[in-house]
Amino acid sequence: VSGMTSLLLPQIVNDFPEFNENYIYNKTENSLRIIFDAINDLDPTELKKIPLLKEGLEKTIEDYKSNGIIVKYSDIVFHDFAIKDYNKLNGVATVTVCSTLEYYYSKEHNGVTQSDNRYKKQTRYACKFIYIYDESKMKGSSKIFGMNCPNCGAAIRVLGHKYCEYCGSQIGEINLKAWEFSSYNEY
């Protein structure tokens, strides 16, 4: 896994002395497992543990159910973690963690196999965490830490709004004094 842990970790710890590298790596693994399990079981119950992604993933699961899509992740093994990026701006800190992992993956659509699980997939995920250290610096800011509406994709411009100002969808609550899992992508 590529990363800049040795360069970025001292800066993060200087800004946030309570920051724990192993905690953020464990949170990365646990959050991805929650996502994979929710998709496997088509059950969004555990998504409450990752509130910033809950609504969007619930919609994905509903879409899978209504379109006869079954996705399975099995034998998931995490290999390595590294801090890839760190930013601290306008009252918000972001840390991006990269992880290498492997799993078997399968996908069916209306009973037709689109991808079978005969081959182990080796892949990487980038997971972003946010920490709001000064809410007052964010008020009135036109740029907010990359949080978008899970329904329409519009930028969330004001912290504390419970609903998207464009489409009216509910927005997940943010614990201001904790590193919150805010996005992930496979690359």
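This text walks through a predicted model, from one helix to the core and then to a single strand residue.

Start with helix α1, which spans residues 5–15. Four of its residues, Thr5, Leu8, Leu9 and Ile12, are buried. Viewed down the axis of α1, these buried residues fall within an arc of 105°, so they line one face of the helix. The other side of α1 carries exposed residues: Ser6, Leu7, Pro10 and Asn14. What lies over the buried residues? The cover includes helix α2 (21–41) and the strands β1 (69–89) and β2.

Now turn to the core. The largest nonpolar core holds 38 residues. Which of them have the most contacts inside it? They are Phe19, Phe36, Ile83, Val95, Trp179 and Phe181. Several elements each give two or more residues to this core. The helices are α1, α2 and α3 (51–66). The strands are β1, β2 and β4 (120–132).

Take Phe36 from that list. Setting aside neighbours within four places in sequence, Phe36 is in contact with Tyr73, Ile76, Leu101, Tyr103 and Tyr125.

Finally, look at strand β2, residues 92–109. Ser106 is found here. Is Ser106 buried or exposed? Its relative accessible area is 16%. The cut-off for buried is under 20%, so Ser106 counts as buried. Its contacts, not counting residues up to four places away in sequence, fall in two stretches of numbering. One holds Ile70, Val71 and Lys72. The other holds Ser115, Asp116 and Asn117.

Terms used
Residues are numbered from 1 along each chain as its sequence is written. This is a predicted model: local features need pLDDT of at least 70, side-chain atom pairs count only at pLDDT 80 or more; totals for chains, interfaces and linings use all residues. Side-chain values use heavy atoms; hydrogens and water are left out. Buried means under 20% relative accessible area, exposed over 50%, partly exposed in between (1.4 Å probe, protein chains only). Contact means heavy atoms within 4.5 Å. The arc is that of the directions from the helix axis to the C-beta atoms. A nonpolar core is a set of buried Ala, Val, Leu, Ile, Met, Phe, Trp, Tyr and Cys residues joined through side-chain atoms within 4.5 Å.
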